[in-house]
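Please look over the sequence and the three-dimensional model together before reading on. The report that follows moves from the helices to the contacts between them and then to the pockets.

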Amino acid sequence: MVTVQSPTRADLRHFLITETAIAAVVNGAIMAAITWLVFSGHESVPVWGNDGLLFDLLPSSALPVFTMALILPAILHKRHSAGERLPVSDWAELGGWTRALPKGILALALVLATTWAALFVAVGATVLWFAGWNSLSLWSVVLGKTLFGALLGATAAPFIMLPALARLQHK
C-alpha cells in the first residue's frame, strides 16, 4: 500500500517561488519580443496618444494575465496527470482570500486580467505622467516593457497557480 503525504507549506512555497520565477522570465521575454515588433519602426516611442506607450499598456497588461490564467491550469493538470508530485492543496488550506475568486477557469481568467490591467495601467500612467516623458527611446521602451512583463508574470502567477492546484485536489 502506497501512502501519499500531504504537501508541506515549504513544498508549496518552493513550488510557487520556482514557478513564479519561470512565469516572470517567460513573460518578460515575450513582452520584449512583442514590444520590439510593435515599436521597431520608431526611433523614439511616443508616450501619449493612440500609437503611444500608455495606450499599449492596456492590452499588454490584460492579455498576458488572461493567457496565463488559461494555459497554466492546463499545464499543471497535465503534469499532475503524468504523475508529477505537485503540492496539491484543498481550497480551505489556501486561506480566506480564495473565497473571493471564481472557481471556473474562464471566469478566473477574466477577473484576474481585468484586475491586473486596471492596476498596471493606473500605476503605469501615474509613473509616466509624474516622470513627464513625452517620448522614450526604443531601447528604453523594450527594457521597461521587459521588466513590466516580468513583474506582471510574477505577480499574477500565484493567483493563477494556487486555485489551479486546489482544483487538482478534486480530480
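Which residue just after H3 takes a positive phi? In this predicted model, that residue is Gly-132, whose phi is about 75°. A glycine also follows another helix in this way, for Gly-83, placed just after H2, takes a positive phi of about 100°.

## Overall build

The protein chain has 171 residues, of which 39% count as buried. Its secondary structure comes to 4 helices and 2 strands, and, read from the N terminus, these elements follow the order α-β-α-α-β-α. Among the contacts that join residues at least 6 apart in sequence, 89% are between residues at least 24 apart.

Two of the helices can be checked against the span expected of them. H2 is made of 29 residues, and the distance from its first C-alpha to its last is 42 Å, close to the 42 Å expected at 1.5 Å a residue. For the 27 residues of H3 the expected span at 1.5 Å a residue is 39 Å, and the end C-alpha atoms lie 38 Å apart, which agrees.

## The buried residues of H3

Which residues of H3 are buried? They are Leu-108, Ala-109, Leu-112, Ala-113, Trp-116, Ala-117, Phe-120, Gly-124 and Leu-128. A general point helps in reading such a list: an α-helix has 3.6 residues a turn, so residues three or four places apart point the same way. As for what covers the buried residues of H3, the cover includes H2 and H4.

## Salt bridges

The count of salt bridges in the model comes to 4, and three of them are set out here, each with the distance between nitrogen and oxygen.

| Residue pair | N to O distance |
|---|---|
| Asp-11 and Arg-85 | 3.6 Å |
| Arg-79 and Glu-19 | 3.3 Å |
| Asp-56 and Lys-145 | 2.1 Å |

The side chains of Asp-11 and Arg-85 meet in a salt bridge; because Asp-11 belongs to helix H1 and Arg-85 to the loop between H2 and H3, this pair ties together parts that are 74 residues apart in sequence. Asp-11 counts as partly exposed, at 29% relative accessibility, whereas Arg-85 is exposed, with a relative accessible area of 55%.

The side chains of Arg-79 and Glu-19 also meet in a salt bridge. Since Arg-79 lies in helix H2 and Glu-19 in helix H1, the pair ties together parts that are 60 residues apart in sequence. Is Glu-19 buried or exposed? Glu-19 has a relative accessible area of 14%, and the cut-off for a buried residue is under 20%, so Glu-19 is buried.

Asp-56 forms a salt bridge with Lys-145, and because Asp-56 lies in helix H2 and Lys-145 in helix H4, the pair ties together parts that are 89 residues apart in sequence. Both Asp-56 and Lys-145 are buried. Elsewhere, salt bridges that share partners join Glu-19, Arg-79 and Glu-84 into one network.

## The two largest pockets

The largest pocket holds about 490 Å³ of space. Its lining is made up of 23 residues, and those that lie nearest its centre are Val-26, Asn-27, Ile-30, Pro-64 and Met-68. The elements giving two or more residues to this lining are helix H1 (9-39), helix H2 (53-81) and helix H4 (138-168), and the largest share, 11 residues, comes from H2. Sorted by class, the lining of the largest pocket has 15 nonpolar, 4 polar and 4 charged residues.

In the second largest pocket lies about 380 Å³ of space. This pocket is lined by 17 residues, with Leu-57, Gly-124, Val-127, Gly-144 and Phe-148 the closest to its centre. Here the elements that give two or more residues are H2, helix H3 (105-131) and H4. Which element gives the most to the lining of the second largest pocket? That element is H4, with 7 residues. By class, this lining has 13 nonpolar, 3 polar and 1 charged residues. Gly-124 therefore appears twice in this account, as one of the buried residues of H3 and as one of the residues closest to the centre of the second largest pocket.

How values were computed: Residues are numbered from 1 along each chain as its sequence is written. This is a predicted model: local features need pLDDT of at least 70, side-chain atom pairs count only at pLDDT 80 or more; totals for chains, interfaces and linings use all residues. Side-chain values use heavy atoms; hydrogens and water are left out. On a 1 Å grid over the protein atoms alone, a cavity is a set of points where a 1.4 Å probe fits but cannot get out, and a pocket is an open set with protein on both sides within 12 Å along at least five of seven lines; lining residues have an atom within 4 Å of a point. Grid points are joined across faces, edges and corners, and a volume is the space filled by probe spheres set on the points. Ala, Val, Leu, Ile, Met, Phe, Trp, Tyr, Cys and Pro count as nonpolar, Asp, Glu, Lys and Arg as charged, and the others, Gly among them, as polar. Buried means under 20% relative accessible area, exposed over 50%, partly exposed in between (1.4 Å probe, protein chains only). The expected span of a helix is 1.5 Å times one less than its number of residues. Contact means heavy atoms within 4.5 Å.
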